[in-house]
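Work through the exercises below with the sequence and the model at hand. Each task is followed by a solution in steps.

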Amino acid sequence: MNGTPERLPEATAAVRSGEVRMLAGTAGTEQPDAYRALRSMVHSLRDGHGDSA
């Protein structure tokens, strides 16, 4: 994330909003697993894993 520390709360809120929207279509009991999968994907993107495609 390339920005000033002052924008961190704004960026965090935007990410959280996206997570909430992506999980909105899942049942309450499915949300924890879906959230963990989503977080794993984000970490993979951030770490650069899977760039061979």
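**Exercise 1: Salt bridges**

Glu 10 and Arg 7 form a salt bridge, their closest N and O atoms lying 2.9 Å apart. A salt bridge here is a side-chain nitrogen of Lys or Arg within 4 Å of a carboxyl oxygen of Asp or Glu. The model is predicted: local features need pLDDT of at least 70, side-chain atom pairs count only at pLDDT 80 or more, and totals for chains, interfaces and linings use all residues. Residues are numbered from 1 along each chain as its sequence is written, and side-chain values use heavy atoms, with hydrogens and water left out.

Task: find how many salt bridges the rule gives, and describe the one between Asp 33 and Arg 36.

Solution.
1. The count by this rule is 4 salt bridges.
2. In the pair Asp 33 and Arg 36, the closest N and O atoms are 2.4 Å apart.
3. Both residues, Asp 33 and Arg 36, belong to helix H2 and stand 3 residues apart, about one turn of the helix. Helices are DSSP runs of H or I with at least four residues, strands are runs of E with at least two, and both are numbered from the N terminus.
4. An α-helix has 3.6 residues a turn, so residues three or four places apart point the same way.
5. Asp 33 and Arg 36 are both exposed (over 50% relative accessible area; buried is under 20%, partly exposed in between; 1.4 Å probe, protein chains only).
6. Elsewhere, salt bridges that share partners join Arg 16, Glu 19 and Arg 39 into one network.

**Exercise 2: The surroundings of Glu 19**

Task: state whether Glu 19 is buried or exposed, and list which residues Glu 19 touches, not counting residues up to four places away in sequence.

Solution.
1. Glu 19 is part of helix H1, residues 8-23.
2. Its relative accessibility is 5%, so Glu 19 counts as buried.
3. With that exclusion, Glu 19 touches Tyr 35, Leu 38 and Arg 39 (contact means heavy atoms within 4.5 Å).
4. The side chains of Glu 19 and Arg 39 meet in a salt bridge, at 3.2 Å from N to O.
5. Because Arg 39 lies in helix H2 and Glu 19 in helix H1, this pair ties together parts that are 20 residues apart in sequence.
6. Arg 39 is partly exposed, at a relative accessible area of 28%.

**Exercise 3: The two helices**

Task: check the spans of H1 and H2, then find where the buried residues of H1 lie.

Solution.
1. The chain has 2 helices and 0 strands.
2. The 16 residues of H1 should span 22 Å at 1.5 Å a residue, and its end C-alpha atoms are 23 Å apart, which agrees. The expected span is 1.5 Å times one less than the number of residues.
3. For H2 (residues 31-47), 17 residues should span 24 Å, and the end C-alpha atoms are 24 Å apart, which agrees.
4. Gly 48 follows H2 and has a positive phi, near 80 degrees.
5. Gly 18, Glu 19 and Leu 23 are buried in H1.
6. Seen down the axis of H1, its buried residues fall within an arc of 125 degrees, so they line one face of the helix. The arc is that of the directions from the helix axis to the C-beta atoms.
7. Pro 9, Ala 14 and Arg 21 are exposed on the other side of H1.
8. The cover over the buried residues of H1 includes H2.
9. Across the chain, buried residues make up 8% of the 53 residues.
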